[in-house]
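Welcome! Please take a moment to look over the chain before reading on.

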Amino acid sequence: MEIQQNHSEADLATKTYLRGKWLLAARLVWVSLALLIVVLNVLAAPAAIASTFLTPGVVRELHILGFSQALYLTLVIGMNGLCIGLYLAMAALLFWRRSHDRMAYFGSLTLLTFGGAVDGFQSDFTSSSLVWNLIVFVPFLVGQTTFLVFFYLFPSGRFVPRWTIWPTLLSVLYWCVMTADPDLNSGPLGTLILLFLLTTIIAQVYRYRRVSTFRERQQTKWLVFGFVLAMLIFILSRVLVFILPPAVLNSQVAGNLVGGGSADLALMLIPIFLGIAILRDRLFDIDLIINRTLVYGLLTGILAALYIGLTIGLESLVGLIARQSSQPVSIVLSTMAIAALFQPLRHRIQNVIDRRFYRRKYDAQKALATFASTLHNEVDLEQLGEHVLAVVNETMQPAHVSLWLCAPKLGIEQLSRHVEQPETRNKDS
């Protein structure tokens, strides 16, 4: 079964490869767009600095704060440049390693145009020449369109389900209109992007549950994990609005450094995880990473809430009893309580997540633990062999199980059990 699955995946992969003239044309298009985007970003960088990062209000604020303009521009341009550079570098890596693979090529094109054109400096490029505006318009339109269409194609490079072809065509028309007249983004047409995003989620869920192979599911997990992390970072950075003082919130310098820096950090996770999903999805166990992230993320949140609640509660209680503030005592008691709760709470969260999201693995671990306890009490070799066959069948679910026992003088005895295929089981049941 495993060999057949590997052959089927290899056959599907060969059908998604670009060859001959198509491969040459695709590479020429990519190289042309890459050169155009790099040149446009270099030309647009001074305009971006003047219109966004170094406005008269920012200059006055820097003078009041005594902050160096050179250091400020180094930080702001450095963060933006690092984000754009990471997109372009990952796009170049995918193009260099897998330009013959249709899905890898499209992912490279998406990173190149979205990171270099949509998120790049060239969005601030303005010119009175119609030709220059059209030159800027083309990579920007390609970046907006490919980013959405990518999720209709990932990870196999095919439109699954088939109806996703229609929202793909509509999205191209949508972005043509929106790019030609940006003022429409604030109107009712701007909300249509939510409908397109909903269709991509529906398509990915259908593909994951009904069509994807094991490797394609692992690739989907990598990409979703990266996008979820990016969204969490972006959301947490916006929560700072409720924490920071008004003087910082009203500062353009702080907004460009903190707000812009957190947005760039969130955006930089997308090319990293997209590259891993396409090139190195088998290098790391994504299920283990997701499991540990869920466990320690929930554990950190719960313990932080408990620590804050215990500190405030104990300080208030000590203040009522002793009629004076005793913050060190409440901090020490809260720390000791958190230390005592860490391991039990971690095991509890681990068990809940395993039962909820990794049920098959959890059941297999329970079966092995039960079998280990029976080894101490079982002395009959035949009964022990039956237990071994039952445990292997329950945990691994093979098509056939055989156990060969070598006796000292009587030769070899075989215990075997034929396990019906899942299709046969369903018919009989």
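Here is a short briefing, grouped by topic.

This is a predicted model, in which local features need pLDDT of at least 70, side-chain atom pairs count only at pLDDT 80 or more, and totals for chains, interfaces and linings use all residues. Residues are numbered from 1 along each chain as its sequence is written, and side-chain values use heavy atoms, with hydrogens and water left out.

**The whole chain**

- The protein chain has 16 helices and 2 strands; helices (H or I, at least four residues) and strands (E, at least two) are DSSP runs, numbered from the N terminus.
- Of the 429 residues in the protein chain, 35% are buried. Buried means under 20% relative accessible area, exposed means over 50%, and partly exposed lies in between (1.4 Å probe, protein chains only).
- About 26,000 Å² of the protein chain is exposed, and carbon and sulfur atoms supply 68% of that area. Accessible areas come from the Shrake-Rupley method with a 1.4 Å probe, and for residues only the protein chains shown count as cover.
- Among contacts between residues at least 6 apart in sequence, 71% join residues at least 24 apart. Contact means heavy atoms within 4.5 Å.

**Nonpolar cores**

- The largest nonpolar core has 44 residues, and Trp30 and Phe150 have the most contacts inside it. A nonpolar core is a set of buried Ala, Val, Leu, Ile, Met, Phe, Trp, Tyr and Cys residues joined through side-chain atoms within 4.5 Å.
- At least two residues of this core come from each of helix 2 (20–53), helix 4 (69–98), helix 5 (102–118), helix 6, helix 9 (214–239), helix 11 (252–279) and helix 12.
- Helix 11 gives the largest share of this core, with 10 residues.
- Leaving aside neighbours within four places in sequence, Trp30 is in contact with Ala91, Ala92, Phe95, Tyr105, Ser108, Leu109 and Leu112.
- Another core lies apart from it and has 8 residues, among them Leu141, Leu148, Tyr152 and Tyr174.

**The nonpolar surface patch**

- Trp163, Trp166, Leu169, Leu170, Leu173, Val177, Leu189, Leu192, Leu195, Leu198 and Ile202 make a nonpolar surface patch of about 1,100 Å².
- Two elements, helix 7 (165–180) and helix 8 (192–211), give two or more residues to the nonpolar patch. Helix 7 supplies the largest share, 5 residues.
- Patches are made of residues with over 30% relative accessible area and no salt bridge; like charges are joined within 9 Å, and nonpolar side chains (Val, Leu, Ile, Met, Phe, Trp, Tyr) within 5 Å.
- Trp163 sits in the loop between helix 6 (130–153) and helix 7. With a relative accessible area of 38%, Trp163 is partly exposed.

**Cis peptide bonds**

- Most peptide bonds are trans.
- Here, a cis peptide bond joins Phe154 and Pro155, with omega about 5 degrees. Pro155 is placed in the loop between helix 6 and helix 7.
- The bond from Val160 to Pro161 is also cis, with omega near -10 degrees, and Pro161 is in the loop between helix 6 and helix 7.

**Charge pairs and cysteines**

- How many salt bridges does a search of the whole structure find? There is 1 salt bridge, meaning a side-chain nitrogen of Lys or Arg within 4 Å of a carboxyl oxygen of Asp or Glu.
- The side chains of Asp101 and Arg98 meet in a salt bridge (2.7 Å, N to O), and both residues are buried.
- The structure holds 0 disulfides, a disulfide being a pair of cysteine sulfur atoms within 2.5 Å.
- Cys83 is buried at 0% relative accessibility, while Cys176 is partly exposed at 27%.

**Three residues to find**

- Thr110 belongs to helix 5 and is buried because its relative accessibility is 2%. Its C-alpha atom is 8.6 Å from that of Thr145, 35 residues apart along the chain.
- Not counting neighbours within four places in sequence, Thr110 is in contact with Gly115, Thr146, Phe147 and Phe150.
- Phe234 is in helix 9 and is partly exposed, with a relative accessible area of 38%. Phe234 touches Ala263 and Ala266, leaving out residues up to four places away in sequence.
- Is Thr311 buried or exposed? Thr311, in helix 12 (residues 286–322), is buried, with a relative accessible area of 13%.
- Beyond its neighbours within four places in sequence, Thr311 is in contact with Ser330, Ile331 and Ser334.
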